[in-house]
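Visitor: Hey, can we look through this one together? I'd like to see it before asking anything.

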Amino acid sequence: MRHKGLRILLARIATTIPILFGVVVVTFALIRSLPGDPAVYYASGPGAGPAEIEAVRRQLGLDRSLVEQFWRYLVELGSGRFGNSLQTGQPVLADFAQRLPATLELAILAFAMGVGTAIPLGILAAVKRDGWIDQLCRVLSSTAAAMPGFFFGLILIYFFYFLAGVAPEPIGRLPGWALPPPVVTGFMTIDCLLAGDVELFWAALGKMILPAASMAIFAIAPLLRMMRGGMIDALDSDYVTASRAFGLSRTRVLLGYALPNALLPVLATMGMVLSTMIGANIMIEKLFAWPGIGAYAINALIGLDYAPVQAFVLIVAVLFVLMTLAIDLISSAVDPRYGQG
Amino acid sequence: MRSDALAFIVRRNVITTVAAVLIVLLVVIAIVGPALVPYDPLATSATEVLMPPSARHWFGTDGLGRDIFSRVIVAARLDIAIAVSAVALSAVVGVSIGAVSGYVGGALDRVLSRVVDVMMAFPLFVAAMALVAVFGNSVKSIVLATAIINLPFYFRLIRAEIMARRSIGYVEAAVITGNSATNVIFRFLVPNSLPPVIVQVSLNLGWAILNASGLAFIGLGVAPPTPEWGIMIQEGAALMLSGEWWVVVFPGLALVLSVFCFSLLGDGIRDVIDPRRRS
């Protein structure tokens, strides 16, 4: 029994290997098909002369066969060399490391806001099915599904920054007057607390709320729908009827029995939610001048600086595959029926 | 008899009908609108910069004094055209490849399925971005990129339908009576598997509009001064800080309303086709 479970687990993990390989092949093809000369992207900066570019070309083996080039590409990736950014003049990996915490910090808050809104509302809508809360949730999820996060973000800016004046200026991670705390984790809020600056912590958190809410709007519609659907299925099931018949309290039945089962379909849509959140992240970082990897990638793309673009595509796709795998594994750990029929 | 059936469906699906009517209206606007707008969407005016909505300029004017109403209407054609051509391309190619792959099976199916798995490994918007970079910064690239990233959905959908139907009576009858494989796939199997594809197309259209405007918003595909909803929102973004809301809000509402109608229509068609999945 145990061994069978382990074998299924390993088989599932093994299926991602060809996909990851395919992802690397695609990014390899991407660099070759981007307009321009790859040797130029890999040369150390805009000042690179023809001699240096020629050296890079030989170093990259661009005169060799495709198979050999691909092998070299794998070796480069394996040693963490993604080339240099023309715009910052730094190795791409260093740029990423510097910006990733800003993206993660924002994404985690956005995800928490999305889940924190969608899950309780979905439960309420299912419990009060066809009541006014349910109708309201239907309108909310349909509107959220049609609402581009960048437009929603601008509406929030208008109301909370321009009209009410409660939101800080929607640019960057810190107010203009503030000196950033020493970088420890890269998470601005945590670094502020580590530096003992509570006032700055609140300022940094305040800066995150509007962009996070704009990102969360992308996640709310699918989560809310799946939560409501899952909860309705669970409430109609025999085990819920049985536990009611046993005289268990309403809260106990709802949160102890129906909820865990209802969360399974929600977990299953998480991959799609993740995919839209990654896209949302690019647009929202651009809108709020948030110094994360999304804004970095899009600025590089606009500036025809392709080394960061291919690194971004590769890193994000690999992360996405691994997170999808994790969601799958969690789902099958929670629900033995998952993936068996 | 037929009109009775239609009346019945309309009565049972009021919201869907409203959405369908609005979409027809949107398409009409996209076709004839540019000929009817009161102002040239590209004409700037130094004397009428950032005027709030009024009788003269229904939606106000933007930072260059251009009439926003005219621009929103003219943009409808571009946005709808991008979405329709991308989704049509994606559906036709995806359905054809998926149907053949599902019917033939074997090594071909295994290889194509692997390729599709790899395509699905890229988050949609990131894939769209990368493809636009490869194809060059143009409207055609947006259409191509949107079509390519949607292929896997049609491929998987039709493949599953075909595989489920392969051994049904009418298909076996078609094979026995000597139809070629192409005939069996495209005359018997595909037409019978279309309903879920139609639902997907409708939901996809709304999504394609969002995707195209999102790309335009971050500066890809459509270049100013072309009127396009995403670009107009981007151009007005900074003005939100100083309270000139109309520059962003009207193109934004046009965007939300059209996406909203397409997704309502998609949900409605799904309910009509498959009552069990009614939401």
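Guide: One definition to start: buried means under 20% relative accessible area, exposed over 50%, and partly exposed in between (1.4 Å probe, protein chains only). By that rule B:R114, at 41% relative accessibility, is partly exposed. The model is predicted, so local features need pLDDT of at least 70 and side-chain atom pairs count only at pLDDT 80 or more, while totals for chains, interfaces and linings use all residues. Residues are numbered from 1 along each chain as its sequence is written, chains are lettered from A and ligands numbered from 1 in the order in which they are written, and side-chain values use heavy atoms, with hydrogens and water left out.

Visitor: OK, what does B:R114 form a salt bridge with?

Guide: With B:D117, the closest N and O atoms being 3.0 Å apart. A salt bridge here is a side-chain nitrogen of Lys or Arg within 4 Å of a carboxyl oxygen of Asp or Glu. The two residues are three apart in helix 4 of chain B, so about one helical turn separates them. Helices are DSSP runs (H or I, at least four residues), strands likewise (E, at least two), numbered from the N terminus. B:D117 is buried, with a relative accessible area of 19%.

Visitor: And which residues do shared salt-bridge partners join into one network?

Guide: B:D62, B:R66, B:R71 and B:E235. Within that group, the side chains of B:R66 and B:E235 meet at 3.5 Å, N to O. That pair links distant parts of the chain, 169 residues apart: B:R66 sits in the loop between helix 2 (14-36) and helix 3 (68-104) of chain B, and B:E235 in helix 9 of chain B. B:R66 is buried at 4%, whereas B:E235 is partly exposed at 28%.

Visitor: How many salt bridges over all chains?

Guide: The search of the whole structure finds 14. One in chain A pairs A:R99 with A:D95, with 3.6 Å between the closest N and O atoms. They are four residues apart in helix 5 (residues 92-127) of chain A, so again about one helical turn. A:D95 is buried at 0%.

Visitor: Switching topic: how much area is buried between chain B and chain A?

Guide: About 3600 Å², with carbon and sulfur atoms giving 83% of that. Buried area is the accessible area (1.4 Å probe) that two parts lose on being put together, summed over both. The elements of chain B that give two or more residues to the side touching chain A are helix 4 (106-120), helix 5 (124-135), helix 8 (181-217), helix 9 (229-240) and helix 10 (246-273). Helix 10 of chain B has the largest share, nine residues.

Visitor: How many residues does each chain put in?

Guide: Chain B gives 38 and chain A gives 45, where contact means heavy atoms within 4.5 Å. As for salt bridges across the interface of chain B and chain A, the rule finds zero.

Visitor: Last one: which annotation covers residues 100-331 of chain A?

Guide: UniProt has "domain: ABC transmembrane type-1" there, from an unreviewed entry. UniProt positions are given in the numbering used here, feature names are shortened, and annotations may be inferred rather than shown by experiment. Over residues 100-331 chain A is 80% helix and 0% strand, and the end C-alpha atoms are 27 Å apart.
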